[in-house]
Each structure stands twice: as structure tokens, then as C-alpha cells.
2 protein chains.
Amino acid sequence: MASVKANPAKMGRPRSFREDEALDAAMRVFWQKGYEGTSLDDLTGAMKINRSSLYSTFGDKEALFRRVMKQYSAGPLSFMSEALNLKTARAVVEALLRMSVKFLGDPGHPPGCLSIQGGLACGSGNEEVKQAMVDWRKAGLAQLQKRLQRARAEGDLRKGVDPKDLARLIMIVMNGLGIQAVNGATPAEMNRAVDLALQSLRL
Amino acid sequence: MASVKANPAKMGRPRSFREDEALDAAMRVFWQKGYEGTSLDDLTGAMKINRSSLYSTFGDKEALFRRVMKQYSAGPLSFMSEALNLKTARAVVEALLRMSVKFLGDPGHPPGCLSIQGGLACGSGNEEVKQAMVDWRKAGLAQLQKRLQRARAEGDLRKGVDPKDLARLIMIVMNGLGIQAVNGATPAEMNRAVDLALQSLRL
DNA sequence: ACACATCTGAACCGTACGGTTCAAAAGTAA
DNA sequence: TTACTTTTGAACCGTACGGTTCAGATGTGT
């Protein structure tokens with residue numbers, strides 16, 4: 001008979017690229033050029049994939065970008081969860097800032113942070129992407145606030161400081177560091193600013 | 001005879017728009033949408049000018065943007081020079097942060113700061129604009145460094161703090177505040193973070 | 001009323017964009 | 001070898017972009 005179809009799942013021509021590697025290449029392009037500044041040709045060129053492979057594997061440009069955001073959170077940005085798992089508020093804050101400097105200044109990838117580089121302002125038609133990035137950044141703040149509120153409950157934070165305010169200040173500094181990195185500040189320069197912040201902010 | 005031409009400078013149809021008002025409108029568009037996200041139609045629409053008026057008055061999109069940068073420095077960003085003229089380092093720093101919050105959260109104009117919103121990452125072909133913005137931001141940092149170095153020379157700064165590091169930290173916080181404003185943080189929220197920064201950074 | 005300089009509106013140009021489609025190639029399992 | 005499924009490359013589509021041009025409208029100074 002006609003219907004032989006043994007194992008449909010494994011039939012057909014296999015992919016010539018690895019999905020996560022392609023995503024990684026796309027991440028770098030978005031990181032460097034921003035969402036709006038990235039063209040499909042930029043993407044297919046970096047991912048070494050043609051348009052239809054991109055389309056069938058990831059969907060359109062926006063869907064790809066959202067996949068990249070996920071991958072970025074789980075990969076390059078994973079130091080944040082690591083830092084948040086440290087035992088004391090002081091350790092968390094110090095690790096966040098130090099690791100941010102190390103991360104932002106790493107010459108192995110584009111400067112700055114995708115959560116900012118990807119798109120801060122957007123033209124008409126990309127409002128949803130812009131909003132997604134706002135939500136993304138706010139989620140990071142919320143995580144830190146939660147961690148510091150726990151610290152407060154554990155008596156791990158001076159009475160004088162409100163955990164929500166402190167969390168916001170730390171995020172401000174982290175984001176500001178991202179701008180500095182784009183401006184070409186060296187890790188040493190950024191670390192000296194962080195020294196000052198940490199020695200002031202005696203927790 | 002033919003050559004009557006009395007005062008060539010004042011002849012011809014006068015402009016139906018004021019140059020600075022048009023610039024102001026363009027500023028808001030770039031501020032909101034970024035350089036790449038802004039189309040010529042966005043600009044002509046907001047400026048109530050047609051393309052040829054824009055072209056003949058300001059040159060192309062990039063030249064207009066550079067004019068806008070100048071206007072922005074002289075206008076919305078003038079609080080920086082005001083702050084830098086204050087007498088003590090402490091007053092300078094406090095004014096910079098407080099005025100930044102007030103400025104960034106002002107509902108009378110787009111959120112954030114043009115020096116960041118205008119373009120942090122750029123696609124191919126706009127590298128020069130991106131570089132101009134990097135230079136712009138670095139110039140702001142240099143101004144502040146200079147002022148704080150003067151403070152140090154005047155014995156107006158604790159021995160422990162390097163004026164260049166302090167300047168960078170202040171810029172980091174100012175830039176970070178700009179991101180917060182875009183994220184929708186209220187002036188009150190930003191001010192509480194600034195409270196914390198200022199009370200920590202006892203100068 | 002006149003001549004003149006300048007501005008204005010609208011059309012046009014070439015290019016690049018994001019998105020989509022489809023025949024042909026390619027590899028797998030029987 | 002054969003049947004079958006998926007990927008691949010390239011072409012195509014409509015749209016919007018930034019930039020440019022030009023004939024005609026408009027206000028000025030004489």
C-alpha cells in the first residue's frame with residue numbers, strides 16, 4: 001500500500017543549522033543595531049540562513065526578536081539570577097554591579113545591554129516591541145525589588161533604606177553603566193565609579 | 001532698467017513658519033521616535049512644513065538632527081550648565097540629579113533624554129549619527145568632570161573621592177534615570193532613588 | 001501695477017524594506 | 001531504489017523610505 005510512513009518525525013531533510021546557534025547570531029545583530037536598525041538581510045547574513053528558513057523556523061522578525069529576548073535572559077543575563085541568589089543584600093548588590101561591569105565591558109559581544117540597545121525609542125508600527133522592552137526592563141526591577149524586600153524581612157537591610165527605592169537605584173546604576181559601555185568606557189573606569197557607589201551605599 | 005534689485009536680502013516671499021518653532025517640533029519627534037524611527041513624513045507632519053521647505057532650510061534629515069541636538073543643548077538641557085555654575089560640588093551634584101528628575105518626568109515633552117532616545121544603537125548607514133551621539137554624551141561627562149576637578153582644586157571635595165570617578169557616577173545615575181523615565185517611573189519614585197543616592201554619597 | 005526673490009505643494013525617482021511563495025534540491029527511512 | 005518530508009535558494013510583491021526637482025503661488029519693495 002501507499003502509506004508506509006514509518007517515523008514521520010524523523011523523516012525529511014534535516015536542518016543544516018542549529019537553532020540555538022542561529023538565535024545566538026541573531027542576538028548579536030539585534031544587540032548591535034537595535035530592533036529597528038536590523039534588516040532581514042542583516043539577520044540572514046549573520047545567521048547564515050536564508051529568508052524562508054528564518055521564516056519557517058522562527059516566524060517573522062518580531063517573533064524572532066522575542067525568541068532572542070528569551071535566549072538573552074537565559075544566557076548572557078543569567079548572571080542576574082545568580083547574583084539574586086546570594087545570601088545577603090550587600091552581596092547581591094555588589095555582585096550585580098560588579099558582574100554588570102564585567103558583562104558590559106566584555107569585548108566578546110556587542111557593548112551595552114540588549115534590553116536597552118534593542119530599542120528604547122521606536123518608530124510607528126513598532127510600538128509593541130517597544131512596550132515589550134519596557135515590560136522586560138520593569139520585570140528586572142521587580143525581581144530585584146522582591147529580593148531586597150526579602151532581605152528587609154530577614155533584617156538584612158538597614159532600617160533607613162526602602163528596599164524598593166534601593167532596587168530602583170541599583171537598576172538605575174546598572175542601566176547607566178550600559179550607556180557608559182556604549183560610550184566606550186573601559187571596565188576599569190566603570191569599576192571605579194562602582195567603587196564609589198558601593199563605598200557610599202554602605203548597606 | 002532691469003536691475004532695480006533694492007534690498008535682495010529682504011525680497012521674496014517670507015517664511016510662513018518660524019525656524020525655531022519648526023526645530024522644536026522636529027526635536028519632539030526625534031525625542032519620541034529616535035533618529036532611525038523618524039520618517040520625513042513624521043517630521044513634515046509635526047513641523048507643518050513640506051519636504052522642500054525642510055530641505056532648503058535645514059538640509060537633509062541628518063543635518064536637521066544635528067541642528068536639533070544643538071537646540072536641545074541650548075534649551076531643554078540648559079539646566080545642566082545652570083547646575084554646573086553652582087558654588088559647591090555638593091550643590092552641583094544635588095542640582096543635577098534633582099533637575100534631571102524634574103526634567104525627565106515632565107509630561108510637557110517626551111519621556112527620557114534626547115541624547116539617549118535619539119539613538120543608542122543604529123543600523124548600517126547611520127554610524128555617523130550614532131558616533132555624534134556618543135561624542136555628545138561624552139562631552140557632557142567631560143563638562144562635569146571639569147567642574148568637579150575644579151571643586152577638588154578648591155578643596156570642595158573630600159580627599160577620598162576622585163572627581164573623574166564621581167562625575168562618571170553622576171552621569172551613570174542621570175542616564176539611568178532617563179531609562180527609568182521611559183519605563184514610566186514617576187518623578188516621586190525617581191526622587192526617592194535620588195534621595196538614597198544623595199544621602200549615601202555624602203560629599 | 002510691476003518685477004522679483006523666495007517659498008510652497010505635489011509629483012517623481014531609485015532603493016531597500018519586511019514579508020511571502022514555490023519549484024527544486026537534499027537527506028532519511030524503508 | 002524508491003517514497004517521502006523538509007529545507008533551501010531565489011524570485012516576487014506591495015509599501016515606505018529618504019531625497020530631489022520644478023512649476024506655480026505668494027508676498028515684498030519699488
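**A walk through chains A and B**

Select chain A and follow the cartoon from the N terminus: the elements run α-α-α-α-α-α-α-α-α-α. That gives 10 helices and zero strands in chain A. Keep in mind as you look around that this is a predicted model.

Next, zoom out until the whole of chain A fits on the screen. Taken along the principal axes, its C-alpha atoms fill a box of roughly 80 × 40 × 30 Å.

Now colour chain A by burial. How many of its residues count as buried? Of the 203 residues, the share is 49%. Switch on the surface of chain A and you are looking at about 9900 Å² of accessible area, with 52% of that belonging to carbon and sulfur atoms.

Then pick out the charged side chains of chain A. There are 30 positive and 21 negative ones, and the centres of these two sets lie 4 Å apart.

Try showing contacts within chain A as well. Among those between residues at least 6 apart in sequence, 66% join residues at least 24 apart.

Finally, bring in chain B. A turn of 180° with a shift of 0.0 Å along the axis lays chain B on chain A with an RMSD of 0.1 Å. This is why the two chains can be described by a two-fold axis. To find that axis from chain B, select Gly176(B): its C-alpha is the nearest to the axis in chain B, 2.1 Å away. Last stop, the contact residues of chain B: 100% of them recur in chain A, so the same surface serves both copies.

Terms used:
Residues are numbered from 1 along each chain as its sequence is written. Chains are lettered from A and ligands numbered from 1 in the order in which they are written. This is a predicted model: local features need pLDDT of at least 70, side-chain atom pairs count only at pLDDT 80 or more; totals for chains, interfaces and linings use all residues. Side-chain values use heavy atoms; hydrogens and water are left out. Helices (H or I, at least four residues) and strands (E, at least two) are DSSP runs, numbered from the N terminus. Buried means under 20% relative accessible area, exposed over 50%, partly exposed in between (1.4 Å probe, protein chains only). Contact means heavy atoms within 4.5 Å. Accessible areas come from the Shrake-Rupley method with a 1.4 Å probe; for residues, only the protein chains shown count as cover. Lys and Arg count as positive and Asp and Glu as negative; His and the chain ends are not counted. The place of a charge is taken as NZ of Lys, CZ of Arg, CG of Asp or CD of Glu. Copies are superposed by least squares on the C-alpha atoms of residues with pLDDT of at least 70 in both.
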